[in-house]
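Colleague: I am new to this structure and should like to learn how to read its features. May we take them one at a time?

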Amino acid sequence: MNLITLENISKSYGEKVLIKEVSFIINDNEKIGFIGINGTGKSTLLRILAGIEGYDSGNIAKISNFRVEYLPQNVEFDEDSEVIDQIFKGNSKVMSVLRDYEIITKKIEDNSDDINLQRELLKINEKMDALNAWEAERQAKTILTQLGIKNFNAKIGELSGGQKKRIALVGALITECDLLILDEPTNHLDNESVKWLEEYLNNRKGALIMITHDRYFLDRVTNRILELHNGSIYSYKGNYSMFLEAKAEREIQNEASEIKRQNLLRRELAWIRRGAKARSTKQKARIDRFNELSSEKVERKSEKVDISVSSSRLGKKVINLNNISKTFEGKNIISDFSFIFKKEDRVGIIGSNGIGKSTLLNIITNKISPDSGIVDIGETVKIGYFSQEYNHIDENMRAIEYIREGAEFIKNQEGVSVSASKMMERFLFIPELQWTQIARLSGGEKRRLHLLRVLMEAPNVLILDEPTNDLDIETLNVLEEYLEEFNGTVIVVSHDRYFLDKVSNEIIAFKGNGVIEKFTGNYTDYIEYVNMCSINEDENKKVEKKEKSNKEGKKEKANRPLKFSYKEKREYENIEEWIEEAEIELEEIQQKIDSSQSDYVLLQELLKNQKEIEGKLEYLMDRWTYLTELAEKIENQ
């Protein structure tokens, strides 16, 4: 079923044409990845789809009662509101009654004896039942807990940027809609959260369109790709891998068409130069054909960011960390960690949000000092730091002024001097855009500008903190190629699994409580290693259990006639009582679970306890069966 149809949509900002006569249809249950170079209008088109931005010309047709939910890249929050208020901010009936429910329950907490409040709560409960709003509330709190946010009444202003983005994401996910629009949903999510989101979106009903730089995410979630290039839309069936194959084929065909066109042009030009006169109809037709071929526009390969800059000379010693430790407010972040960064190392640093990755970068760059240990940096080291934030940039400056602050000229890898302006062109900043105020650039363009500034200073050690955030896939592909040729050390903190696989050859994994694991290989190699260790551990436990069981069996055979051991006799006398106690305990846990449906932190703990008691009861029943059979054999021998 067609949900929304765009016909010949165009949008310009001043003289800059972003979108020209774009047409496409979104069908129910399609999961669409929307890609293209930053600054070309992807976010603008999503806002047009969401109905929050207008367009210059064209037409949009929607199904009746069309519902859309939009998660922008940068979300505005009421800093004084609480987490749960932000989640239930929507305008639907379900969101409205959930807000009312939260308000009344807070009032009752302060004045539980107020009869009028109790009556009001009863009415709201009836509305909650009618709209099945309990399920939406349960889902919201479950997703929040899954994404690491357990204090539902925390003030928004007290949370980190990453936590705020996750809260906005939950608000979008729980809102019923025909079309869900997500702009960079994986930014600020750790690997476990991204994996969870993949599964959630794969199981979700309804249409989805999203902008994301995460290529594994695109590959595993989408069944259609839309590419925005030079103001036009190209549609491809299938996931990201299938898109790459189809696009490569299209560009080969376009290139072949262009070669054929150029050959025709050369032949027609040679004929005209021989002095053809436009006297006959035939001659005039050939001249018209030449003019037509000359003016014909041919789709060429996509523009690519060209990164080709040299780095400063790097000596043998780079960065040595010796027994580094760091605590914050009594929390152990890094404990007795040592690592030698060598020339041409490609080190990926991974771990959940807030675990200490940025602390390690700050210690390396001397922004903070370790509590103990030594940071030994080589004399020739020149660090280039591509940080997550670019709020240090003066946005009143022109883009080219910011780059020239780094360097007027830089030598490329062939040793040829290249001007700041020329380098900006290679980063897809056309001459007119170079003199644009930084404040007027898109988020992705600012990131690209920040990256160029870092490289213009010719570092020999590159530190990249979440470099894939807000960079388009085209730029990431070229950055990855550049890092392969980079004659220096690369240290990268990232949650982007694809980027880590392509770039890293060593992994530093933060495990929590100051423990840091070192591994040689890329991200996928490390995950396979972790999974294998887990499998081996499970297998070892099974072997130990089997060996223990065999020993017990041999002991029974050796002790003829059959009789209970002291331990078995005590077990046999008490096991029915122990089983009864476990059953009572399990029943009490179930009652607590039934009465704790709104406390999702407690609920998680109770479910864990329930699983442990069920396992204990299963073990006791197995032992009861074994001991009862043994007692019968003893009696009958």
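Modeller: Certainly. Let us begin at Asn132, which follows helix 4 and has a positive phi, near 55 degrees. Please keep in mind that the model is predicted.

Colleague: How many residues does helix 4 have, and how far does it reach?

Modeller: Helix 4 spans residues 115-131, which makes 17 residues. From its first C-alpha to its last it reaches 25 Å, close to the 24 Å expected at 1.5 Å a residue.

Colleague: Which residues of helix 4 are buried?

Modeller: A residue is called buried when its relative accessible area is under 20%. In helix 4 the buried residues are Leu117, Leu121, Ile124 and Met128. Viewed down the helix axis, these buried residues fall within an arc of 65 degrees, so they line one face of helix 4.

Colleague: What covers those buried residues, and which exposed residues does the face turned away from them carry?

Modeller: The cover includes helix 3 (93-110) and helix 5 (133-146). The face turned away from the buried side carries exposed residues, among them Arg119, Lys123, Glu126 and Asp129. Ile115 and Leu122 are also included among the exposed residues of that face.

Colleague: Which contact is found at the start of helix 4?

Modeller: There, a side-chain oxygen of Asp114 comes to within 2.9 Å of the backbone nitrogen of Asn116.

Colleague: Let us turn to charged side chains. How many salt bridges are there?

Modeller: Side chains of opposite charge can pair when their charged atoms come close. With a cut-off of 4 Å between the nitrogen and the carboxyl oxygen, the count comes to 27 salt bridges. One of them joins the side chains of Arg497 and Asp214, at 3.5 Å from N to O. Arg497 lies in helix 17 and Asp214 in the loop between strand 7 and helix 8, so the pair ties together parts that are 283 residues apart in sequence.

Colleague: Are Arg497 and Asp214 buried or exposed?

Modeller: Arg497 counts as buried because its relative accessibility is 5%. Asp214, at 2%, counts as buried too.

Colleague: How should one read the salt bridge of Glu405 and Arg453?

Modeller: Their side chains meet at 3.4 Å, N to O. The pair links distant parts of the chain, with Glu405 in helix 12 and Arg453 in helix 15, 48 residues apart. Glu405 counts as exposed, at 52% relative accessibility, whereas Arg453, at 15%, counts as buried.

Colleague: Which residues are joined into one network by salt bridges that share partners?

Modeller: That network consists of Glu198, Asp214, Arg220 and Arg497.

Terms used. Residues numbered from 1 in each chain as written. Predicted model: local features only at pLDDT ≥ 70, side-chain atom pairs only at ≥ 80, totals over all residues. Heavy atoms only, no water. Helix = DSSP H or I, 4+ residues; strand = E, 2+ residues; numbered from the N terminus. Expected span 1.5 Å × (residues − 1). Buried < 20%, exposed > 50% of the residue type's maximum accessible area, 1.4 Å probe, protein only. Arc of directions from axis to C-beta. Contact = heavy atoms within 4.5 Å. Polar contact = N/O pair within 3.5 Å; in protein donor to acceptor, adjacent residues only side chain to side chain.
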